[in-house]
Amino acid sequence: MYRIGDFSKMGRTTIKTLRYYDEIGLLKPEQTDKYSGYRFYSSQQLFQLHQIQSLRQIGLSIDEIKLILSGVDSQGILQKRKAELIAELDNCQDQLSRIEFILSGQTEEVIMNYHATIKELPECIVYSTKMTVPSYDDYFQLIPAIGAKVTAKYPDLKCSIPEYCFIVYLDGEYKEKDFHIEFCEAIDQMKEDFDDIKFKKVEAINAVSVMHKGAYADLAHAYAYAFKWIEDNGYLAIDNPRESYIDGIWNKENEEDWLTELQIPVKKK
């Protein structure tokens with residue numbers, strides 16, 4: 001039999017840990033002197049301690065170790081931990097690829113201007129309309145007119161909070177003139193369609209998000225950055241890009257202060 005101090009040295013663990021294992025019933029001493037309170041451990045318990053340490057080192061919780069030592073579903077617990085570790089490895093690889101992208105010769109100007117993140121675009125109800133737009137300047141007349149038209153039909157309709165309006169480009173390629181879009185505005189309730197205005201639910205989806213500050217004419221730089229990021233980090237674009245307008249002519253005097261979020265739905269390769 002070994003006193004707790006000697007047992008802690010043999011097991012390469014602290015006395016504090018052994019006392020804690022005793023308190024929670026994970027590894028109780030073979031004997032405890034009823035007068036002095038001294039704890040005594042056997043050589044067989046050294047084997048048990050080693051098993052506990054091994055399970056702790058693969059990241060199992062105390063509760064999971066208790067279940068394994070009691071013979072309850074050890075395979076299930078280990079398979080669950082394996083899946084968690086695989087997910088952690090995938091996450092680490094994803095972070096490494098992002099770091100490599102930043103270090104891969106991108107100019108300091110690009111690094112300062114653009115950053116990509118993966119985010120979930122939440123499910124929402126929108127009213128939408130499809131149209132052909134002659135040029136980007138026409139947005140300033142067309143989009144307010146859509147809002148006024150919907151408000152006149154449904155004065156009780158409210159925009160979602162936070163507000164979320166976006167344009168989906170339907171051409172599949174960049175066009176400077178006569179491009180086809182779908183304009184969407186997130187709202188608080190579903191309504192009946194009317195004229196060319198359609199109401200629908202947009203499902204949640206993961207997307208690469210890149211913020212662009214400045215004129216719409218310079219959005220091509222954000223697109224180039226986003227699609228290179230997608231390619232270099234092992235993702236695939238799975239739907240048409242969205243442009244979400246956060247700040248613009250309606251609340252900022254200078255176009256240098258306009259803020260647009262480019263959102264490209266993606267999935268891992």
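Begin with the contact map of the chain: among contacts (heavy atoms within 4.5 Å) between residues at least 6 apart in sequence, 68% join residues at least 24 apart. The model is predicted, so local features need pLDDT of at least 70 and side-chain atom pairs count only at pLDDT 80 or more, whereas totals for chains, interfaces and linings use all residues. Residues are numbered from 1 along each chain as its sequence is written, and side-chain values use heavy atoms, with hydrogens and water left out.

Next, display the whole chain as a C-alpha trace, which spans about 90 × 50 × 35 Å along its principal axes. Colour by secondary structure to find eight helices and 12 strands; these are DSSP runs (helices H or I, at least four residues; strands E, at least two), numbered from the N terminus. The radius of gyration, taken over C-alpha atoms, is 30 Å, well over the 18 Å that the globule rule (2.2 Å times the number of residues to the power 0.38) gives for 269 residues, so the chain is more spread out than a compact globule.

Colour by burial: 36% of the 269 residues are buried, meaning under 20% relative accessible area with a 1.4 Å probe, protein chains only.

Now select residues 242-247, strand S11. Five of its six residues are buried, so S11 is largely enclosed by the rest of the structure. Add strand S6 (residues 165-169), which pairs with S11 in the antiparallel sense over three bridges; pairing requires that DSSP find at least two bridges between the strands. Then add strand S12 (residues 259-268), antiparallel to S11 over five bridges.

Finally, centre on Glu243 in S11, with Ile167 opposite. In S12, the bridge partner of Glu243 is Leu262.

Notes. Buried means under 20% relative accessible area, exposed over 50%, partly exposed in between (1.4 Å probe, protein chains only).
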